[in-house]
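Student: Could we take a close look at one residue, and then see how the rest of the structure is built? I am new to this, so please explain each term as you go.

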Amino acid sequence: MRTVNVDLDDRAYPIHIGSGLLQAARLRELLTPHLPGKQVMVITNERVNTLFGEQLRTALSNLQVDVFEMQDGEAHKNLTSYAAALDSLMAKRHNRTTCVIALGGGVVGDLAGFVAATFQRGVDFIQVPTTLLSQVDSSVGGKTAVNHPSGKNMIGAFYQPRAVLIDTDVLAHLPAREYAAGLAEIVKYGVIADPELFAWLQAHTAELNARDAGALQHVIQRSCEIKAEVVAEDEREHGRRAILNFGHTFGHAVENLAGYGAWLHGEAVAVGMVMAAAFSAALGRLPATEAERLADLLNALQLPVNLHGAQAQLPGVDDMISAMGMDKKVKDGRLRFILADAIGAVSVVEDYDAATLRQVLKQFCES
Ligand SMILES: NC(=O)c1ccc[n+]([C@@H]2O[C@H](COP(=O)([O-])OP(=O)(O)OC[C@H]3O[C@@H](n4cnc5c(N)ncnc54)[C@H](O)[C@@H]3O)[C@@H](O)[C@H]2O)c1
């Protein structure tokens, strides 16, 4: 097992990464130091509960363990599920020393974190992420949220977990698309901060596609290290943390226009990164060959690199621009982009040429 620490003073926490962490005895050992009382509320969904819930219940058999199953899918990361989870905490008479454990992917983790942040003004919270995307991204860093019908993640809080437990064995159960979607976020870390990671990914696509245990341990740990380092420097996204959104301004618009569910988040981020790299190249910031290297890597990892496939018809340029305007990264009415200067270095850019943006969007939306 490897441990990465998120260095946030009194809110610092460990991310434990390894194989077999969900075995009951190991789990008990890892969870116990972080449990403040005798109650635990596991927030999960039916699918994940069936796969791994029993291990968690066995590990904590000496405590009051209640389980709230939300419905599966992004469409249920909403205020209705949030209220139902709170109802369950109230009905089971949980008190301030309870601990919320998120057992599932990013949808469960984001919702459970927001429940923990707000129940009785905040109770302890542990993340047990079970998708690759949640292991390398959403479980670390303390962004919690639910969606509003007019925008993704519009209602939420910054709220750090007490610990994150990543068992790499759970990834064997993931459907292929979900697995690839997680790889997209790992590629993102290479682009924003680590050219060596990027080159390593290029050299090990076969192992990654085969879900090789050693390769996964390596890339999950490196991704968590980069995310932990960025979050420790800028917890509330006043500056540097925005680089984690590389590809997301385009990606969220793609996701939004196709209707939530058509694209997986990581798939939309993959194509969003290709668009951001193309925009960077068109502005003369990034050599076109580097933008191609990115698209080639994503393609080799079985991720989408254009807008075909997941939606019946391509979005229009104006639709994309307006959908990007809904993004939270908009500041004072001007879009902000995370653009690549090289593989391994990105900048936050507000001053860009709007005509070039339209031109780049046209390439993706019309061909
Ligand atoms: N908080 C953050 O910083 C942050 C960062 C990135 C993404 N997110 C959010 O994360 C969400 C996406 O998360 P996701 O990609 O994990 O999707 P998800 O939570 O919907 O999980 C994907 C699917 O996999 C299933 N599943 C989970 N673990 C499994 C396993 N081990 N085996 C088989 N099936 C399993 C789930 O039930 C679900 O059907 C989005 O809502 C996104 O906004 C948040």
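Tutor: Let's start with Leu357, which counts as buried because 20 C-beta neighbours lie inside 10 Å. The cut-offs are these: a residue is buried if 20 or more other C-beta atoms, placed from the backbone, lie within 10 Å of its own, exposed if 12 or fewer do, and partly exposed in between. What you see is a predicted model, in which local features need pLDDT of at least 70 and side-chain atom pairs count only at pLDDT 80 or more, while totals for chains, interfaces and linings use all residues. Residue numbers start from 1 along each chain as its sequence is written.

Leu357 belongs to helix H14 (residues 354–365). Helices (H or I, at least four residues) and strands (E, at least two) are DSSP runs, numbered from the N terminus. Which residues does Leu357 touch, leaving aside its neighbours within four places in sequence? They are Phe279 and Tyr352, where contact means that the C-beta atoms, placed from the backbone, lie within 7 Å. The C-alpha atom of Leu357 is also separated by 8.5 Å from that of Ala282, although the two residues are 75 residues apart along the chain.

Now step back to the whole protein. It is divided into domain 1 (2–173) and domain 2 (176–365), with bounds from an automatic or database domain assignment. Their C-alpha centres lie 26 Å apart, and each domain gives 28 residues to the contact. On the side of domain 1, the elements that give two or more residues are E1, E2, H5 and strand E8 (151–158). H5 has the largest share there, five residues.

Next comes an open sheet of seven strands, in the order E1-E2-E9-E6-E5-E3-E4 and with mixed pairing. Strands E1 (2–6) and E4 (64–70) are at the edges with a single partner each, so one side of each has no neighbour in the sheet. On average, neighbouring strands are turned by 20° against each other, direction ignored. Two strands pair if DSSP finds at least two bridges between them. E1 and E2 do this in the antiparallel sense over five bridges, with Val6 opposite Tyr13 in E2. E2 (residues 13–18) also pairs with E9 (residues 163–167), in the parallel sense over four bridges.

In a regular strand the side chains alternate between the two faces of the sheet. You can follow this along E2: Tyr13, Ile15 and Ile17 point to one face and are buried, while Pro14, His16 and Gly18 point to the other and are not.

Helix H2 (residues 46–59) lies across strands E3 (39–45), E4 and E5 (99–104), running at about 150° to E3. Axes are lines fitted to C-alpha atoms, for helices over the stretch in contact, and angles run from 0 to 180 degrees between N-to-C directions.

Finally, look at the ligand. It is surrounded by 30 residues, the closest being Gly105, Gly106, Thr131, Ser138 and His173; a residue is near a molecule if its C-beta atom, placed from the backbone, lies within 6 Å of it. Each domain supplies at least three residues of this shell. By class, the shell has eight nonpolar, 14 polar and eight charged residues. Here Ala, Val, Leu, Ile, Met, Phe, Trp, Tyr, Cys and Pro count as nonpolar, Asp, Glu, Lys and Arg as charged, and the others, Gly among them, as polar.

Definitions and conventions. Two residues are in contact if their C-beta atoms, placed from the backbone, lie within 7 Å.
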